[in-house]
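Got the viewer open? Here's a short tour of what to select next and what you'll find there.

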Amino acid sequence: MTLHITSANKGFGGWTKHYRHHSDLLNCEMRFAIYLPPQTAQGQKVPVLYYLSGLTCTDENFMQKAGAQRLAAELGVALVAPDTSPRGDDVADADAYDLGQGAGFYVNATEAPWNRHYHMYDYVLKELPELIEETFPVSDQRAIFGHSMGGHGALVLALRNPERYRSVSAFSPICNPVNCPWGEKAFGAYLGEDRAVWAAYDASLLMRAANDGPPALVDQGEEDDFLAEQLKPEALEAAAEARGYPLTLRRQEGYDHSYYFISSFVDDHLRFHAKHLGL
């Protein structure tokens with residue numbers, strides 16, 4: 001697979017690079033960002049921490065705003081941030097910010113016209129890691145985290161594929177999408193009207209039924225405008241309690257949904273993942 005580099009910036013001894021490539025799964029050109037810590041220049045293969053962004057975001061938001069590169073360089077972990085959806089003139093879209101391009105919801109769409117391109121679940125699970133591990137000096141040790149829609153995606157991917165990820169974390173994730181407006185709108189469009197099908201992409205339902213899974217850390221701001229209607233962390237907490245799942249859910253007083261919140265706690269998340277990656 002051919003990669004085309006679009007930017008490269010040195011920081012903390014490593015490099016933040018942005019690439020585009022053709023995705024066979026998504027049937028379009030995709031973008032991703034990667035931070036390669038300085039250890040990779042010394043011939044060391046490092047583990048990878050994948051970050052999934054939220055609604056309206058791209059591969060750039062986290063790399064530019066979260067301030068994660070300094071600690072990633074110290075710990076020796078690569079950071080990979082894909083785009084949030086397929087994009088292009090021939091890719092289905094909607095006028096609303098919460099459906100279509102920029103709002104892939106990390107599902108495999110089954111309904112037309114979305115099913116031609118919107119297979120973000122398989123892209124993050126299979127195609128992107130294969131590309132990263134074939135191209136860059138990284139190991140096959142992975143962890144995953146994300147924010148909002150991306151927090152939902154990270155939890156779902158880890159819960160459904162516990163053998164693939166050493167740990168999972170999220171900032172203000174959509175915890176119970178089958179019971180919130182964002183989830184009902186997106187799942188209805190991408191997956192159809194059978195709500196039983198939606199359950200495969202609901203972290204709270206998956207956690208309640210999990211036989212095992214990687215340790216999870218969730219941070220939720222108490223002043224988040226989306227907390228009550230869209231995010232519903234209490235559903236995830238109840239599922240973890242019922243199942244005895246290894247979840248730590250922290251409610252952070254005064255914090256909102258923004259990257260000010262993410263950058264305040266991103267070091268905690270990197271250290272959490274580093275511990276489970278054996279760093």
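Start by selecting helix 5, residues 181-191: this stretch of the predicted model is mostly covered, with 8 of its 11 residues buried. Color the buried ones to see who they are: Trp182, Gly183, Ala186, Phe187, Gly188, Ala189, Tyr190 and Leu191.

What do the buried residues of helix 5 pack against? Bring up helix 4 (149-160), helix 6 (195-198) and helix 8 (227-231), and you have the partners. Before you leave, click on Gly192, which follows helix 5 and has a positive phi, near 95°.

Next, go for the largest nonpolar core, which has 70 residues. The members touching the most others are Phe105, Ile132, Ile144, Phe187, Tyr190 and Leu247. Helix 3 (residues 120-135) gives this core its largest share, 8 residues. Apart from this core lies another one, of 24 residues, including Phe62, Leu71, Phe265 and Leu270.

Now zoom in on Phe105. Skipping its neighbours within four places in sequence, Phe105 is in contact with Leu55, Thr84, Asp98, Met149, His152, Ile174, Trp182, Ala186, Phe187 and Tyr190. You've met some of those already: Trp182, Ala186, Phe187 and Tyr190 are among the buried residues of helix 5.

Last stop: the largest pocket, with a volume of about 190 Å³. Which of its 13 lining residues are closest to its centre? Select Leu55, Thr56, Cys57, His147 and His257. Leu55 should ring a bell, as one of the contacts of Phe105. Color the lining by class and you get 6 nonpolar, 6 polar and 1 charged residues.

Terms used:
Residues numbered from 1 in each chain as written. Predicted model: local features only at pLDDT ≥ 70, side-chain atom pairs only at ≥ 80, totals over all residues. Heavy atoms only, no water. Core = buried A, V, L, I, M, F, W, Y, C linked by side-chain atoms within 4.5 Å. Buried < 20%, exposed > 50% of the residue type's maximum accessible area, 1.4 Å probe, protein only. Helix = DSSP H or I, 4+ residues; strand = E, 2+ residues; numbered from the N terminus. Contact = heavy atoms within 4.5 Å. 1 Å grid on protein atoms, 1.4 Å probe; cavity = no way out; pocket = protein on both sides within 12 Å on 5 of 7 lines; lining within 4 Å. Points joined across faces, edges and corners; volume = space filled by probe spheres on them. Nonpolar A, V, L, I, M, F, W, Y, C, P; charged D, E, K, R; others polar.
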